[in-house]
Amino acid sequence: MNREKLIIELENIQQQGITIYFDGEKSTPENVTENLCVQEELSYMRDYVYDEGVLKELHFDKVKNR
């Protein structure tokens, strides 16, 4: 995973007023990037939350392996 590219992407998203969550908790681009890079053996899915067609939240949720 390209750490620098991800943090820039998430900072741009946050600057647009979009709230970022990681595992159900409000988070920061730095925290999300750090967690995703450290926990490479786990899978996370992006969940985009829209309100009347406008992106309001970006969630990173752990994908449970069966």
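Let's start with helix H1, residues 3-15, in what is a predicted model. At 1.5 Å a residue, its 13 residues should span 18 Å, and the end C-alpha atoms do sit 18 Å apart, so the expected and modelled spans agree. Now look down the axis of H1: its buried residues fall within an arc of 55 degrees, which means that they line one face of the helix. Those buried residues are Leu-6, Leu-10 and Ile-13. Swing round to the other side of H1 and you'll find Glu-4, Lys-5 and Gln-15, which are exposed.

What do the buried residues of H1 pack against? They pack against strand S1 (19-22), helix H2 (29-38), strand S3 (43-51) and strand S4 (54-63).

Next, take a look at how H1 begins and what follows it. The N-terminal end of H1 is capped by Asn-2, with a side-chain oxygen lying 3.2 Å from the backbone nitrogen of Glu-4. Just after H1 comes Gly-17, which takes a positive phi of about 85 degrees.

That leaves the pairing of H1 with H2. Two packed helices are described by the angle between their axes and the distance between the axes. Here, H1 and H2 pack at an angle of about 145 degrees, and their axes are 9 Å apart. The crossing of H1 past H2 is right-handed. If you'd like to trace the contact in the viewer, pick out Arg-3, Leu-6, Ile-7, Leu-10, Glu-11 and Gln-14 on the H1 side. On the H2 side, they meet Pro-29, Glu-30, Val-32, Thr-33, Glu-34, Leu-36 and Cys-37. Leu-6 and Leu-10 come up twice, then: both are buried in H1, and both are among the residues that meet H2.

Key: Residues are numbered from 1 along each chain as its sequence is written. This is a predicted model: local features need pLDDT of at least 70, side-chain atom pairs count only at pLDDT 80 or more; totals for chains, interfaces and linings use all residues. Side-chain values use heavy atoms; hydrogens and water are left out. Helices (H or I, at least four residues) and strands (E, at least two) are DSSP runs, numbered from the N terminus. The expected span of a helix is 1.5 Å times one less than its number of residues. Buried means under 20% relative accessible area, exposed over 50%, partly exposed in between (1.4 Å probe, protein chains only). The arc is that of the directions from the helix axis to the C-beta atoms. Contact means heavy atoms within 4.5 Å. A polar contact is a pair of N or O atoms within 3.5 Å; within protein, one must be able to donate a hydrogen and the other to accept it, and residues adjacent in sequence count only if both atoms are side-chain atoms. Axes are lines fitted to C-alpha atoms, for helices over the stretch in contact, and angles run from 0 to 180 degrees between N-to-C directions. A crossing is left-handed if the near helix is turned anticlockwise from the far one by less than a right angle, and right-handed if clockwise.
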